[in-house]
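This report looks at the burial, fold, largest pocket and backbone geometry of one protein chain, and should be read alongside the model shown below.

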Amino acid sequence: PALLLAASVVGALMAPPALAQEQKKKEETGQDIAFNRRKGNCLACHSIPGDPKAVTIANIGPPLIAMKARYPDKAKLRAQIWDATAANPHTSMPPFGKHKILSEQEIDKVVDYVYSL
């Protein structure tokens, strides 16, 4: 019984680090943020034909496809996501940076994701 108790104690002491690593929250990707209804919510308005995980019938905004060709300067794509009203005051796209909907780091991740499409 004492040996069994000792083995249980050792097992319990060793489990938390392994469990903590498993439970460690994975870092959000640009895709995660873009698809998140409480954050980017890109799928509410845009189709993303190049991403099989992007399930939507949205057609309010242009499809997010061939983004490197449409935005050869990645900084312009970032500016569009940060504040689309600067280029088009009548746009329905929210100014994600200007209104602090997304953090600067989240915008960078979304830009990297969208630019890869």
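Of the 117 residues that make up the protein chain in this predicted model, 27% count as buried. The surface that the protein chain exposes comes to about 8100 Å², and carbon and sulfur atoms supply 62% of that area.

The secondary structure consists of five helices and zero strands, so that the order of elements from the N terminus reads α-α-α-α-α. When contacts in the protein chain with a separation of 6 or more are taken together, 41% of them join residues that are 24 or more positions apart.

**The largest pocket**

The largest pocket has a volume of about 420 Å³. It is lined by 24 residues, of which His46, Pro62, Leu64, Gln80 and Met93 are the closest to its centre. By class, the lining of this pocket is made up of 15 nonpolar, seven polar and two charged residues.

Which helices each supply at least two residues of this lining? They are helix H3, spanning residues 67-70, helix H4, spanning residues 74-82, and helix H5, spanning residues 104-115. The largest share of the lining comes from H4, which gives three residues.

**Backbone geometry in a loop**

Most residues other than glycine have a negative phi. Two residues of this model, set out in the table, are described here for a positive phi in a residue that is not a glycine.

| Residue | Phi | Relative accessible area | Location |
|---|---|---|---|
| Asn41 | about 50° | 29% | loop between H2 and H3 |
| Ala66 | near 55° | 40% | loop between H2 and H3 |

Asn41 lies in the loop that runs between helix H2, residues 30-35, and H3, and Ala66 likewise lies in the loop between H2 and H3. Are these residues buried, partly exposed or exposed? With a relative accessible area of 29%, Asn41 is partly exposed, because this value falls between the limits of 20% for buried and 50% for exposed residues. Ala66, at 40% relative accessibility, also counts as partly exposed by these limits.

Taken together, the model shows a protein chain of five helices and zero strands, with a largest pocket whose lining includes residues from H3, H4 and H5, and with a loop between H2 and H3 in which Asn41 and Ala66 have a positive phi.

Definitions and conventions. Residues numbered from 1 in each chain as written. Predicted model: local features only at pLDDT ≥ 70, side-chain atom pairs only at ≥ 80, totals over all residues. Heavy atoms only, no water. Helix = DSSP H or I, 4+ residues; strand = E, 2+ residues; numbered from the N terminus. Buried < 20%, exposed > 50% of the residue type's maximum accessible area, 1.4 Å probe, protein only. Contact = heavy atoms within 4.5 Å. Areas by Shrake-Rupley, 256 points an atom, 1.4 Å probe, with all protein chains shown as cover. 1 Å grid on protein atoms, 1.4 Å probe; cavity = no way out; pocket = protein on both sides within 12 Å on 5 of 7 lines; lining within 4 Å. Points joined across faces, edges and corners; volume = space filled by probe spheres on them. Nonpolar A, V, L, I, M, F, W, Y, C, P; charged D, E, K, R; others polar.
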